[in-house]
Amino acid sequence: MGTGLRHPIFPQQWAVLVPILAFLPLSQCFNYGEALSKSILYYEAQRSGQLPYNQRVTWRHHSGLSDGFQEGVDLVGGYYDAGDNVKFGLPMAFTITMLSWSVLQYQEQVVAAGGEYSHALQAIKWGTDYLIKAHSEPHVLWVQVGDGKNDHQCWQRPEDMRNSRRAYKIDEKNPGSEAAGETAAAMAAASILFRKVNPHYSHILLERAQQLFEFGDKFRGKYDDSVEVVKKYYPSASGYKDELLWAALWLYKATENVDYLNYALENAESFGGTTWAIKEFSWDIKYAGVQILAAMLPEDKNEEQNHILQEYRSKADYYICANLNKNENASNVPRTPGGLLYTRKWNPMQYVSTAAFLLMVYSDHLKATNQNLNCNGIPVTADQIYASSKFQVDYILGSNPISMSYLVGYGSTFPRRVHHRGASIEGYDRNKGYIGCKEGFQNWFRRQDPNPNVLVGALAGGPDKDDQFSDHRGNFRQSEPCTYNTAPLVGIFAKLHALEKN
């Protein structure tokens, strides 16, 4: 039921010996276009609020229609983060940032994939519409709706919720720079996408992003100190400085205002941007994303600024080399015998999808600039990095020791009992009767049958360290999908689909 941390503590040092990759699966052909369509469709199953007339996931219905009302604010909408019915602001914002980056990075390829570009924009706007609501005042951001403890005592569809939907906010007296920074990043990234198709909306997003960045920077503090109920689910282990750097770089990309770039350069060392050597990228730990973004900026500044960009590049290279198993002193990401990057046992796929995305993005950058990567004196080509990214994606789609597709609804063998309340209970389109809090446990959670609704496009938590997967609802570490798992895959699927057609 996902009642613990979404990931354990933030590692200060890593010293894990990585076994030599022994398993090399036979080459398989995958329909990346189908995977792209299904990954975007997944977000319609996670919607909260008043569903639109063109809702394609028909087993879902309206839910959370009074969210925020007891606090006097409209917080209807947004996304449920995973298999429960709570709206957590920090991972939701990260999901939108990564969806936006995915589509920005591979915009041409997404556009070429039929109607998927409009579907992707709809998925992003569903999130940003909510984030605009949550930013109810310049220095107020609502960062959670619902309480994890109460929510996890029930197993019921979102449409049937009758438990507490209390909302929690950050403000000047109760700061939360992680949430403010990530929401600013999400809005800034999305504003770039909407600049041509909806310039007024793009302007609103950018204005809000700037306000939130100013708020998060001026009133600094950890959001889980201000909103303590989130600590058991989405605690900020890395602090807020990575989010402030992350937001500054996205605002620079959105505005080309050098003040934001200078912020990321001037605070690079003190905020850890050029000092932390990181092997993971997630909703909490943004350093690798910051380092990759900075590393791709042209070194056409003054000598001091170029030196800082080179330091960012050094740390970006460390992350890439760690995920290629090419760092020395055993400072690499562990792998399963089947070759999957394996950061930790709780929802390992979230780190795989972000790593695959950053590898692909960096590969494209190196190829475009005619550069190689240097891992401890050994040159690594852009094509080698691309191949490593594709290997991880193909593992997700079924090229693994148990031939399991971890993208739900893709292929013939995929998780049938994902830990997800709505998917595991008869859909609202077939049963409009009320299903009670405990009734859901008794009649649906404990069933051995497959879920009655297929959560198409969800990326399940993933296998264990030996490439094995136990497909049952109670196994939330492996079977619970999250919105931020799937988001980075959208861009990769689009790129691979385009290459497949050529």
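Helix α18 bends by about 30 degrees at V490. In this predicted model, α18 comprises residues 483-501, and at 1.5 Å a residue its 19 residues should span 27 Å. The C-alpha atoms at the two ends are 28 Å apart, which agrees with that expectation. The helix is mostly covered, with 16 of its 19 residues buried.

The residue at the bend, V490, is among the contacts of S39. S39 belongs to helix α1, which runs over residues 32-45. With residues up to four places away in sequence not counted, S39 touches G457, T486, V490 and F493. The relative accessible area of S39 is 0%, so the residue is buried. Within the chain, the S39 side chain reaches the backbone oxygen of L36 at a distance of 2.8 Å.

Helix α1 also holds a charged pair. The side chains of K38 and E34 form a salt bridge, with an N to O distance of 2.6 Å. Both residues lie in α1 and are 4 residues apart, about one turn of the helix. An α-helix has 3.6 residues a turn, so residues three or four places apart point the same way. The two partners fall into separate accessibility classes, for which the limit for burial is 20% relative accessible area. K38 has a relative accessible area of 19% and is therefore buried, whereas E34, at 28%, counts as partly exposed.

A search of the whole structure finds 24 salt bridges, the K38 and E34 pair being one of them. Another is formed by D67 and R165, whose closest N and O atoms are 3.0 Å apart. This pair links distant parts of the chain, its members being 98 residues apart. D67 is in the loop between α1 and β1 (87-88), and R165 is in the loop between α5 (148-151) and β3 (167-170). Both D67 and R165 are buried.

A further salt bridge joins D224 to K222, with 3.9 Å between the closest N and O atoms. D224 has a relative accessibility of 3% and so counts as buried, while K222 is partly exposed at 29%. Elsewhere, E44, R47 and R56 are joined into one network by salt bridges that share partners.

Helix α16 covers residues 437-445, and its buried residues are C437, G440, F441, W444 and F445. These residues cover an arc of only 115 degrees around the axis, which puts them on the same side of α16. The elements that cover the buried residues of α16 include α15 (421-424).

Y130 is located in helix α4, residues 116-134. Its relative accessibility is 3%, and Y130 therefore counts as buried. Apart from neighbours within four places in sequence, Y130 is in contact with L75, V76, G77, G78, K87, M92 and V145. The C-alpha atoms of Y130 and S48 are separated by 9.7 Å, although the two residues are 82 residues apart along the chain.

Definitions and conventions:
Residues numbered from 1 in each chain as written. Predicted model: local features only at pLDDT ≥ 70, side-chain atom pairs only at ≥ 80, totals over all residues. Heavy atoms only, no water. Buried < 20%, exposed > 50% of the residue type's maximum accessible area, 1.4 Å probe, protein only. Polar contact = N/O pair within 3.5 Å; in protein donor to acceptor, adjacent residues only side chain to side chain. Contact = heavy atoms within 4.5 Å. Arc of directions from axis to C-beta. Expected span 1.5 Å × (residues − 1). Bend = angle between axes of the 7 residues up to and from the residue. Salt bridge = Lys/Arg side-chain N within 4 Å of Asp/Glu carboxyl O.
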